[in-house]
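Got the viewer open? Keep the selection box handy, and we'll walk from one stop to the next.

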Amino acid sequence: MNGKTTSYRSVLEALDKIPNDTRLGTIKLYADELLTDIIKIYKGQNVEIDLNGYTLTRTENNNGVYALINNGMLRILDSSSAKTGTIQ
C-alpha cells in the first residue's frame, strides 16, 4: 500500500490496512485463498484485488449467498498472462 509492497497472511488482513482516504490499495494474490469472513470495503476505501491467476474462494453464508459489503470503490482483475484467476 502507498507505493510500498507489504506481505499479509490473507486478503482480509490486507483489507484492514487500506486507509479510508481514497488512496488506491492493491491486494495481489500469490496463492489460492479461502475467505472465512465477510469482505468489507469501507466508505473511502479504494481497493483493487488482483487475482494474479489464483482462486479466491468464499465460504457460503446465508444459504449460498456470498457476503460482500462494498461501501467504497472495488475493482477485481486478473493480471496473469493466462487469465485463470477466479472467484468461487
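**First stop: Asn46**

Select Asn46 and you'll find a buried residue, with a relative accessible area of 15% (buried means under 20% relative accessible area, exposed over 50%, partly exposed in between, with a 1.4 Å probe and protein chains only). Before going on, some housekeeping: this is a predicted model, where local features need pLDDT of at least 70 and side-chain atom pairs count only at pLDDT 80 or more, while totals for chains, interfaces and linings use all residues. Residues are numbered from 1 along each chain as its sequence is written, and side-chain values use heavy atoms, with hydrogens and water left out.

Asn46 is found in strand β4 (helices, H or I with at least four residues, and strands, E with at least two, are DSSP runs numbered from the N terminus). Show its side chain and follow it to the backbone oxygen of Thr22, which it reaches at 3.3 Å. That is a polar contact, meaning a pair of N or O atoms within 3.5 Å; within protein, one must be able to donate a hydrogen and the other to accept it, and residues adjacent in sequence count only if both atoms are side-chain atoms. Not counting residues up to four places away in sequence, Asn46 touches Ile18, Thr22, Arg23, Leu24, Gly25 and Met73 (contact means heavy atoms within 4.5 Å).

**Next: Thr22 and Gln45**

Now click on Thr22, in the loop between α1 (11–17) and β1. Buried or exposed, would you say, for Thr22? Thr22 counts as exposed, at 54% relative accessibility. Check its backbone too: phi of Thr22 is near 70°, a positive value in a residue other than glycine.

From Thr22, jump to Gln45, 23 residues apart along the chain; their C-alpha atoms are separated by 5.2 Å. Gln45 has its place in the loop between β3 (39–41) and β4. Gln45 counts as buried, at 2% relative accessibility. What is Gln45 in contact with, leaving aside its neighbours within four places in sequence? Look for Leu15, Ile18, Pro19, Asn20, Lys40, Gly72 and Met73.

**Switch to cartoon: the strands**

Color β1, β4 and β7: these 3 strands form an open sheet in the order β1-β4-β7, and the pairing is parallel. Two strands pair if DSSP finds at least two bridges between them. Why is one side of β1 and of β7 left without a neighbour in the sheet? β1 (24–28) and β7 (73–77) stand at the edges, each with a single partner strand, so each has one side with no neighbour in the sheet. The twist averages 15° from one strand to the next (axes are lines fitted to C-alpha atoms, for helices over the stretch in contact, and angles run from 0 to 180 degrees between N-to-C directions).

Zoom in on β4 (residues 46–50), which 5 bridges join to β7. Pick Val47 and look across: its bridge partner in β7 is Leu74.

Then move to β5 (residues 55–58), which pairs with β2 (residues 33–35) in the parallel sense over 3 bridges. Leu56 makes a good anchor here. On the β2 pairing, Glu33 stands opposite Leu56. β5 also pairs with β8 (residues 86–87), again in the parallel sense, over 2 bridges, and there Leu56 stands opposite Ile87.

**Around Ser80**

Select Ser80, in the loop between β7 and β8. Ser80 is buried, with a relative accessible area of 12%. Turn on its side chain and you'll see two things to click:

- Asp78, whose side chain is joined to that of Ser80 by a polar contact of 2.8 Å.
- The backbone nitrogen of Lys83, which lies 3.1 Å from a polar atom of the Ser80 side chain.

Leaving aside its neighbours within four places in sequence, Ser80 is in contact with Asn52 and Gly53.

Lys83 itself also has its place in the loop between β7 and β8. Lys83 counts as exposed, at 53% relative accessibility. Lys83 has a positive phi of about 55° although it is not a glycine.

**Last stop: a pocket**

Switch on a surface and find the second largest pocket, with a volume of about 200 Å³. Of the 13 residues that line it, the closest to its centre are Leu35, Ile39, Arg58, Leu68 and Ile87. The elements giving two or more residues to its lining are β5 and β7, and β5 gives the most, with 3 residues.

As for terms, on a 1 Å grid over the protein atoms alone, a cavity is a set of points where a 1.4 Å probe fits but cannot get out, and a pocket is an open set with protein on both sides within 12 Å along at least five of seven lines; lining residues have an atom within 4 Å of a point. Grid points are joined across faces, edges and corners, and a volume is the space filled by probe spheres set on the points.
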